[in-house]
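User: I would like a close look at the aromatic side chains in this model and at their surroundings. Please take them together in one connected account.

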Amino acid sequence: MILSVRHMVSGFFATAIAGSLLTSPGTSARAAGLRLMPIGDSITSGYQSSTNNGYRGPLWSELKTQGNAVDFVGSIRDGVMFDPDHEGHSGYRIDQVASVINGPLATYLPNVVTLHIGSNDMGQNYQVATAPNRLASMIDQIITADPGVTVLVAQLICNSDPNVQSRINAYNSQIPGIVNARANAGKHVFMVSMSSLNTSDLKDGLHPNDGGYQKMADNWDAAVQHVISIGWVANIDFAGFYEIQNAASGLALDVNGGSNANGASIIQWTYNGGSNQLWDFIPTGGGYY
């Protein structure tokens, strides 16, 4: 059997690993679950949180605690959390993020997207009147690129600048209609309110502090639970992290020394549950991962 596997901790690709391999769940893996892509700007990347995890860290923990097999996916990695992948592009507007996400969506095929986007459009006063249209187009773009996805669309969090907040209010007021139009057309699009945050939850007037990011995580978590409960989220095979075991020796595929460097050597070793022995399976088409 030949597998292409991607190691989530070291961030490199090991391809064409040949031999008789048996995949079995590691201690942190389950047979099916969530492949979730956080999309947005610096708020998604976790800027100004103490860990650079932002909302992603507590959200990942909450989803795991509820028994989900969880794999966060994306081309960017930030923070100290176990699974730091995302598509949070610092400083980007809606149009700029839209221009770079087709590739990651096609690569990872998430079944859930958490989308918080537009803060930079509002902050830069960039074509504010047409920002809702750009958001609508981006949602359609995500669905077209990944037809099986459920898109959770957040209203923007608050801002300490009254002028920016006024623009945010106008933008947020358009989001329910954008979401409802797509949901009524049979698309799996759901709006997430972030009104639980206030200016005391901001670190610098724009980005949340740790408490604010926790509130964002709680809001996302409630939305994920809801869309699962109504049958919108199909389980994904191999979601989560797995040991790859040699059927002949019983030993596990291991990144030597737990290295995070490109080009680190891969060895077989006694399974110990370490992050350097847990692998994520990414679909490449035709039943291959």
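Is W60 buried or exposed, and at what relative accessibility?

Analyst: In this predicted model, W60 has a relative accessibility of 13% and therefore counts as buried, the limit being under 20%. W60 forms an aromatic pair with F82, in which the ring centres are 5.9 Å apart and the planes meet at 50°, a tilted arrangement. This pair joins distant parts of the chain, since W60 belongs to helix 2 whereas F82 sits in the loop between strand 6 (76-77) and strand 7 (85-88), 22 residues apart. The partner of W60 is not covered to the degree that would make it buried: F82, at 28% relative accessibility, counts as partly exposed.

The structure holds two aromatic pairs, and the other consists of Y55 and W220, whose ring centres lie 5.6 Å apart with their planes at 40°, so that this pair is tilted as well. Here the link spans 165 residues, from Y55 in the loop between helix 1 (42-45) and helix 2 (56-65) to W220 in helix 8 (residues 210-229). Both Y55 and W220 are buried.

A further aromatic ring, that of Y126, has a charged neighbour, for R93 lies over its face at 3.8 Å from the ring centre.

How values were computed: Residues are numbered from 1 along each chain as its sequence is written. This is a predicted model: local features need pLDDT of at least 70, side-chain atom pairs count only at pLDDT 80 or more; totals for chains, interfaces and linings use all residues. Side-chain values use heavy atoms; hydrogens and water are left out. Rings of Phe, Tyr and Trp (its six-membered ring) pair if their centres lie within 6.5 Å; planes under 30 degrees apart count as stacked, over 60 as edge-to-face and the rest as tilted. Helices (H or I, at least four residues) and strands (E, at least two) are DSSP runs, numbered from the N terminus. Buried means under 20% relative accessible area, exposed over 50%, partly exposed in between (1.4 Å probe, protein chains only). A charge sits over a ring if NZ of Lys or CZ of Arg is within 6 Å of the ring centre and within 35 degrees of the ring normal.
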